[in-house]
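Let's walk through this structure together, one region at a time. Keep the viewer open and follow along as the residues come up.

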Amino acid sequence: MPPDGLIGQALPRVEDERLLRGAGRYVDDIHPEGCLEAAFLRSPFAHARVTNVDLSEAVRAPGVVAAFDGAQAAALAGPLVFDMARIVPEPVRRSVDPLVRVQPMPSLATDRVTFVGQPVAMVVAESRYLAEDALQLIDVEYEDLPVVVDPERALEPDAPLLEPEWEDNVAIAFNFRKGDPDAAFAAAHATVEERFRSHRYMAAPIETRGVVAAVDPFDGRLTVWASSQTPHLLRDFLAGALGYAPDRLRVVAPDVGGGFGMKGSIYPEDLLVPMAARELGRPVKWIEDRAEDLASSTHGREQVHRIALAADADGRILALRDDIVHNAGAFTTLGLVVPYNSLTHLLGPYDIEAVDVRMRVALTNTGVTAPFRGAGRPETVFAVERAMDRLARELGMDPAELRERNMVRPEQMPYATGLVYRDGADQVYDSGDYPGLLRKARELVDAEELLAQSSEERRIGVGYAAYTEGTGVGPFESARVSVEPGGKVIVRYGGASQGQGHRTTLAQIAADALGVRFEDVEVRGGDSGELAQGFGTIASRTLVLAGNAIVEAATEVRERAKRIAAEMLEISPDDLELAEGAFSPKGSPGTKLPLGDVAGFLSPFNPARPKGESADLAAGSIYRPSTVTYAAGVHAVVVAVDVATGMVELLRYAVAHDCGRVVNPTIADGQIAGGVMQGIGGALYEELVYDDAGQLVTGSFLDYLLPTASEAPELRLAHLDVPSPLNPLGVKGLGEGGAIGPPAAIANAVEDALHELGVVVREGPLGPSRVRELIREAVKAGHGKVNTVGS
C-alpha cells in the first residue's frame, strides 16, 4: 500500500539516537536520595507448609532497616486480587458456560508455598548486598507436601491438591461445540488424531523487572517507577491495595527493556516495594536478578492438545475435535485470557463447520503462566498446524495445497466463526486474503531450489504455519493532543513502550491528522501523571486503540484551531487550509498563521481571547473499539537436518503478513523479525524444565538457551495488507504475529525433512538431542535404518 502522507513512510525511529548514546533511563537508573534496597527470600520447595518464619536475626544484621514476613505483609497490604481474572462477559458465559476459579495470591507466603521461587520474606537494607546477606539469617521451617508438576497428572482424581478447599486442581474449564462433529467424523474419508504438547518457555527480556517507590515528604504522594507495560492498571491496583486515592499515586514506566506480555502482569514485588516505602518513609528499590526472573516471573505456553481432524476425499476439513489441558502453574492470575485465546484462535484462517473443544486449566506446583507474546495463540497454532500436516500426509496431499483448500476466501469476508470472542462480541473476521498470504509465503520461501540439495546425511524439508490474530482488544485507550504557543505538539497516550517505536509511529499519525511536521510532535506515554486514564500496551492493541484515540483528539484540535484562526484572519473556516503547522487562505499560500500562534492567542493573559474559549489548544479522546480486528499471517521455512548430529539449520524463513494499513514499514518489519526470532527460540532452544520435585532445572542462562544473531536465518518479509473497516485508521495489531508461527512451521519442516525415516514431531524444542531421539525411536519402530552418532 503506497504512503498516504506520513502514514506509510519508513521514517527513522526517533527513540534510537538517545538509546544508542546510552542516554536511556531504565528503572535501575533511578536513584532517589536516601534510597534503600530490598531483597526477597524465596521458597526452595515446590509445595510445603510454612510453620514458622523467624526474622529476629535478620533485623539485627548490619544495615538492615526492616524485614517483613507474610503475616506482616497481609496486614499492611493484603493479598493480590486480580479483578480482571473474574471478568466473564455474559455472551462468553452463554457460549461456553465456563468454570472460573480465582484464588488470591499472597504477596508473601503465609501458611503454604506452592512453587519454587515464591516470595516468603522481604528484607530492606541500606544496600542490596546487605539485604542479601540478611536473607541468609532468616529461619523458615517447612513441612514438605506432595508435588504435582504435570498438568495431566494434576487432573487425576488422586493428584495432590494445590488448594485444600477445592475438590480438584481444575481452575478453569469450558466446552464449545458447533455443528455436528460426531456425524462429520463418522462420514469422513480420512481422520487423524494426535497428541501435541507446547512446552513451557518465557519472555526473558534483556531488562528484568524492577520497582522503585518514594513517598513525597511534603504532601505524602507516592510515586512508583516500574518496568511495566501497564502503568495505569498498576496505579489503580496499588491505590486499592494501599489505600491511596488514584490522584495521589503516580506510576511511571520509564524506558523498558522488553516486556512481551510478561510485564503486563502485576507481581507481589510491585506491591511490597511501595508498601515498604510507605511504611519506612524512605525510597525503596528492588531490581530482579536473572535467577529470580526465570523462577518467579510469569512463564508461557504450556499446553497439551489431543486433536483430531476429519476430511473428505478432496481434502476439505469436515470437523475438528480438541481436548486441551493448559498448565496455569500455581495461580490463575488472569482468568480466561490465555485459555480462551487458545479457543478463539483454534480455527485460524480455516473454514470448518463442525467443532468440539474441551478446555481444562490445571493448577500445578510450577511458576505461574500468563500472557507471553501470542498469549495462547502459538500453542493452539502448533496443534492445528501440526495436525494439518499429519492430515496432508494421510491424504497424500501437498500440505500447502491442503491449507489453501480450507481457507476462508476473501469473498467470504466478513466471516463469522460461530465463536464469541473474549470481549463478548461475536467473532467475525473483518477483512483479509488468507489464500493470498499463503501464495505469497510460498513464493518468498522459494523452497524448490533448496529442497533439491537434500541428501541422506543432510535432509531438507519445508514447513508452513498459518494463523489469525485478534488484535486491538478493548475496553479503551486514551490520548490527549495539545499545541503549545511555540508550535510544539504534545501527544500523551495511555500506553507504554517497551521498544515498539511508539514515539515514531504515533507521531506520524498525529502529524498527519493535525497537519503539522513530524519533527514538531513529541509523544509521551508510560506515565499515569501525564494522563488520568489509560489501559496499557498489551495484546497488540496500542496502534489500534491509542492510534485512533490520537486521530480523534487531533481532529478535534484541528477543527477548533481552524475556527479560531478564521476569527483571527476574519475569513470563513472553509477558506482555510492547514499544512506543515500553519494556516493559510486557500489560494494565498504566502499568508501564514502558525498553529502555535493560534495556541498563543488562547493564552489566559491575552485580553483578546474570545469569551468561552478554554485557555489551551488541546483535546482528549477515549477510543472504545466495537471489537477486535483480525491480523493474519503465513510463515514458511526451509530447514536442513543433520541426521548424524540432530542439528537443525534454518536455511530460509519467509513471512507474509496482513496488519492492515502499515504506518511505518521499517518498524513493522522489525516487529515481525523480532517476533520470529522469539518464536525460533521456542522452536529450537528455549525450555523451562521442572523435575518431579518441582525444582526448576533450567534456572540460569547456562541451561535456558536463547537464540542469538548467529542463529538468525535469511528472513524474507512481505505485507499483503487489507485495511480494517472497523476503525478510522484501517490498522490492525502487529506486535505478536511474528512469534505465533515459528514453533509450528519449524516442527512441520523438521518432520518433512525426516518423514522418510518415520519421524513424527509432537513437541519441542527441537534441539539436537531431541531430534536424535526422534530418529532413534523411528528406527526402533521399524521405519528403516540410519547411522547416527552414538546410536
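**A guided walk through the model**

In β16, the residue standing opposite Arg177 is Asp356. Please keep in mind as we go that this is a predicted model. The pair belongs to a longer partnership: strand β8, residues 170–178, and strand β16, residues 354–363, run antiparallel and are joined by eight bridges. As general background, the strands of a sheet pair through backbone hydrogen bonds, in either a parallel or an antiparallel way.

Now widen the view to the sheet around that pair. It is an open sheet of six strands, ordered β4-β8-β16-β15-β14-β9, and its pairing is mixed. At the edges stand β4 (99–100) and β9 (190–198); each has a single partner strand, so one side of each is left without a neighbour in the sheet.

A helix comes next. Helix α13 lies across β9, β14 (303–311) and β15 (317–329), and runs at about 145° to β9. With 19 residues, from 377 to 395, α13 reaches 26 Å from its first C-alpha to its last, which is close to the 27 Å expected at 1.5 Å a residue. How many of the 19 residues of α13 are buried? The count is 17, so α13 is largely enclosed by the rest of the structure. Just after α13 comes Gly396, which takes a positive phi of about 70°.

One residue of α13 deserves a stop of its own: Arg386 is found in this helix. Buried means under 20% relative accessible area. Arg386 has a relative accessibility of 0%, so it counts as buried. Which residues is Arg386 in contact with, leaving aside its neighbours within four places in sequence? They are Phe196, Val381, Ala744, Ala747, Asn748, Glu751, Val760 and Val761. For a sense of scale, select Arg278 as well: Arg386 and Arg278 are 108 residues apart in sequence, and their C-alpha atoms are 52 Å apart in space.

From there, move to helix α10, residues 268–280. Its 13 residues reach 18 Å from first C-alpha to last, close to the 18 Å expected at 1.5 Å a residue. Helix α10 is mostly covered, with ten of its 13 residues buried. The buried residues of α10 include Pro268, Glu269, Asp270, Leu271 and Leu272, and Val273, Pro274, Met275, Ala276 and Ala277 are buried in α10 too. After α10 comes Gly281, whose phi is positive, near 70°.

Let's turn to a second sheet. Here four strands form an open sheet, in the order β22-β21-β20-β26, with mixed pairing. Its edge strands are β22 (521–524) and β26 (617–623), each of which pairs on one side only. On average, and ignoring direction, neighbouring strands of this sheet are turned by 15° against each other. Within the sheet, strand β20 (residues 477–483) pairs with strand β21 (residues 489–493) in the antiparallel sense, over five bridges. Ala479 has Tyr493 in β21 as its bridge partner.

Two helices pack on this sheet. Helix α17 touches β20, β21 and β22, and its direction makes about 130° with that of β22. Helix α18 touches β20, β21 and β26, and its direction makes about 145° with that of β26.

How do these two helices meet? Helix α17 (residues 502–514) and helix α18 (residues 542–569) pack at an angle of about 35°, and their axes are 8 Å apart. The crossing of α17 and α18 is right-handed. Among the residues meeting there are His502, Leu506, Ile509 and Ala510 in α17, and Leu543, Gly547, Ile550 and Val551 in α18. By type, the residues of this contact divide into ten nonpolar, three polar and two charged.

Our last stop is strand β2, residues 48–54. Strand β2 pairs with strand β5 (residues 112–113) in the antiparallel sense over two bridges, and with strand β7 (residues 139–144) in the antiparallel sense over six bridges. Ala48 takes part in both pairings: it stands opposite Val113 in β5, and its bridge partner in β7 is Asp144.

How values were computed:
Residues are numbered from 1 along each chain as its sequence is written. This is a predicted model: local features need pLDDT of at least 70, side-chain atom pairs count only at pLDDT 80 or more; totals for chains, interfaces and linings use all residues. Side-chain values use heavy atoms; hydrogens and water are left out. Axes are lines fitted to C-alpha atoms, for helices over the stretch in contact, and angles run from 0 to 180 degrees between N-to-C directions. A crossing is left-handed if the near helix is turned anticlockwise from the far one by less than a right angle, and right-handed if clockwise. Contact means heavy atoms within 4.5 Å. Ala, Val, Leu, Ile, Met, Phe, Trp, Tyr, Cys and Pro count as nonpolar, Asp, Glu, Lys and Arg as charged, and the others, Gly among them, as polar. The expected span of a helix is 1.5 Å times one less than its number of residues. Buried means under 20% relative accessible area, exposed over 50%, partly exposed in between (1.4 Å probe, protein chains only). Two strands pair if DSSP finds at least two bridges between them.
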